[in-house]
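Let's take a friendly walk through one protein model. Have the sequence and the 3D view ready, and follow along residue by residue.

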Amino acid sequence: MANRGGFSVNPISVSGYYYSDDGGLTFTDGGQLPVNTGTSSISTTTYPQVFGDTDVKYAGGANFVMSSIMLKKISSSGTAQTLCVHRSTDYGHTWTGPFEITAATNPTGAFSGANARDAADKEFIDVDPSTGRVLVSWTNFEVNQSIRTSYSDNVFTANPPTWTTSAVISPSGTGAPSGSQPRFSGNGTAAYVVFNDRGRTATDATGYSLNNVLFSKSADNGATWTSPVLLTSDFAMLDQVPGNDRVHSFPFISVDRTAVGSSTRGNIYVVWSQNTHGDGGDIAFCRSTDGGATFSAPVEINARPGNDRSQWFPTLTVDPGDGRIFITYFDQGIAASGDLTEVAVVTSTDGGVTFKRPQALTAVPFNAGWGNDTSQPN
């Protein structure tokens, strides 16, 4: 995916796409994502508008699905910030949509003037490889900000796809739950969601909200959810990172989907960045070997926890063949000051019991702030 600078078109579509048919050696520019489904207008502005924040998943065969933020007309003069999906059935060469995720459209029913009070954001998706079910989780910005989920069983066959009513999984009385991510177990029975909650329990001595990472499980593949449990004790938010406009401690989750009989099959792995030691940020990891019933105590897996500078924005994936864990993250520990940055990778071959020393993934360090002059904070 790529930002296309689509704020100048009507209707707005800020996301475009490239595809490769030769394993990533060359790419073809596919243009912008379509926005011409069910068009309507308020004055001279055309809706729906697609505002990016995309998440893309492979769904088997030639199928891909992608989620985005969407702004739609909801009254004669008002709009709602909701979510949508696009789908491709030809290996990403062409896309259809946007298809509204109806569960994300003003789920509380409140309005502020002509506009919907709720605003859906930070949408992540997953596809169950055994059933084709598509699960989405998002942050619903409302009076009592929440994490919500919904699923569809006909994303690739219906026009439009249908979605279940949203389920609220964040605990009541929380501070600011956000940054959720869903994953299926892969066997058609279970699903999981992790998210960050800021200010849920406490603030530090300077008044800044402390953070937690929480986990919720569904034993019926996304229909109902357990009350979230804490994976962490309170930890400080990251320091502002030079060259990076906005930072966060959103967790990333992956599930081991190796073959039946594998010793690590079904393991759940979670990573996030925390500032426990006050050196900017470190990469923390925990795992569950019993389907989310219990989790190991978090361990920090970057090279020098508490003794360098920021490590942040980790991602996590598991090789479905041999169960090898790959964790990548941004790292500014290579310089004493400034925004010089590299992407680091750390791996585990024993299900997260031990990790090899981090290695640079980028051939040459880069300046994180270079080219960041469009006044777009993302």
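## Two residues and a sheet

Serine 218 is found in strand 19, which covers residues 209-218. Keep in mind that this is a predicted model. Is serine 218 buried or exposed? With a relative accessible area of 0%, serine 218 is buried, because buried means under 20%. Its side chain makes a polar contact with the side chain of aspartate 220, at 2.7 Å. Leaving out residues up to four places away in sequence, serine 218 touches Thr189, Ala190, Ala191, Ala223, Thr224 and Trp225.

Now turn to threonine 164, which lies in the loop between strand 15 (146-152) and strand 16 (167-168). Threonine 164 is partly exposed, with a relative accessible area of 25%. Not counting residues up to four places away in sequence, threonine 164 touches Ala103, Ser150 and Tyr151. Between threonine 164 and glutamine 359 there are 43 Å in space, C-alpha to C-alpha, and the two are 195 residues apart in sequence.

Here are the two residues side by side:

| Residue | Relative accessible area | Label |
|---|---|---|
| Serine 218 | 0% | buried |
| Threonine 164 | 25% | partly exposed |

Finally, look at a sheet. An open sheet is formed by 4 strands in the order 21-22-23-24, with antiparallel pairing. Strand 21 (252-255) and strand 24 (299-300) stand at the edges; each has a single partner strand, so one side of each is left without a neighbour in the sheet. Strand 22 (residues 268-274) and strand 23 (residues 282-288) run antiparallel and are joined by 7 bridges. To find one bridge pair, start at valine 271: its partner in strand 23 is phenylalanine 285.

Notes: Residues numbered from 1 in each chain as written. Predicted model: local features only at pLDDT ≥ 70, side-chain atom pairs only at ≥ 80, totals over all residues. Heavy atoms only, no water. Helix = DSSP H or I, 4+ residues; strand = E, 2+ residues; numbered from the N terminus. Buried < 20%, exposed > 50% of the residue type's maximum accessible area, 1.4 Å probe, protein only. Polar contact = N/O pair within 3.5 Å; in protein donor to acceptor, adjacent residues only side chain to side chain. Contact = heavy atoms within 4.5 Å. Pairing = 2+ DSSP bridges.
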